[in-house]
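User: Please examine the structure shown below and answer some questions on helix packing and on one side chain.

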Amino acid sequence: MNALRSLLFPDWELESLLGNVDPNREDDFSLVVASIQTGQLDEAEEWLSKEIERYPWVLLAAADVKIKMNELAEAGRLLRAVTLIATEARVRLWAWHNLRQLGKFPSPDLARQVLGVIIEVPYAESSDILAAYADGTARYINHQGGMIVWDRLDEDVTPRVLTAVREAVIFGEPEDDHPDDPIPADQARLAVLTPAGIHTWQGVPTDAPNMGKSFAAMGELLRAMVRTALDQRRADAETDDEELPEE
């Protein structure tokens, strides 16, 4: 009874708290706690890292089920949890989009939080697209379909990603959907992504001096991403050459 009573209170150190988990149960979490208790920290850390990355997606799936079951209040609660715990900016943006479909909107301050910025520049019949996100990740898709996926920390690229997000200028009213219509050859399209929706600007960049810093920051980011990707490709090629068997 004393042990059960004490669990009602918050003054527990993590080691003692986890010590109350039965390591002999057959579920995955009990097994990882057993690893912690026996000092197998690398094994425990690997499992927990994977679970932490997956958990927001579990909540998204659960919210989808609740929407299909017409349990909209519970779906909203699950989606709001995603916006609080997800480290990936795009996941938070997806959760906010679906929250707004349920009639739940962010506070005025939160509504203006920039979680990402995307620029589209037309090229022939296609376009180059660069996206930067507040978690330090980025994506570049060129008009030929080539792609650079940036998901790691780098002393050159990562600060430029964050600068591009910081320099983004919020303009106009947010919309739920992004435009898909073609962009005229002399124009560009800039989308600023917030919990309130997508703020889209389109026009001739030189006609919008207030966005100069944003365009410049995205240009610097693109150059750094391409430069780093080429350097990595050369390094990988040299490594492959070194591993070739001698004749």
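**A helix residue and two helix pairs**

User: In which helix is T228 found, and is T228 buried or exposed?
Analyst: T228 is found in helix α9 (residues 212–243); helices are DSSP runs of H or I with at least four residues, numbered from the N terminus. This is a predicted model, in which local features need pLDDT of at least 70, side-chain atom pairs count only at pLDDT 80 or more, and totals for chains, interfaces and linings use all residues. Residues are numbered from 1 along each chain as its sequence is written, and side-chain values use heavy atoms, without hydrogens and water. With a relative accessible area of 13% (buried means under 20%, exposed over 50%, partly exposed in between; 1.4 Å probe, protein chains only), T228 is buried.

User: Which backbone oxygen does the side chain of T228 reach?
Analyst: Leaving aside neighbours within four places in sequence, T228 is in contact (heavy atoms within 4.5 Å) with W150, R152, D156 and V157. At 2.8 Å, the T228 side chain reaches the backbone oxygen of A224.

User: How are α5 and α6 oriented to each other?
Analyst: The axes (lines fitted to C-alpha atoms over the stretch in contact, with angles from 0 to 180 degrees between N-to-C directions) of helix α5 (residues 72–85) and α6 come within 8 Å and cross at roughly 150°. Because angles over 145 degrees count as roughly antiparallel, under 35 as roughly parallel, 65 to 115 as roughly perpendicular and the rest as oblique, α5 and α6 are roughly antiparallel.

User: Which residues of α6 meet P56, W57 and L60 in α4?
Analyst: Helix α4 (residues 41–68) and helix α6 (residues 89–101) pack at about 15°, with axes 11 Å apart. Therefore α4 is roughly parallel to α6. The α6 residues that meet P56, W57 and L60 are V91, W94 and A95.

Methods:
Helix = DSSP H or I, 4+ residues; strand = E, 2+ residues; numbered from the N terminus. Polar contact = N/O pair within 3.5 Å; in protein donor to acceptor, adjacent residues only side chain to side chain.
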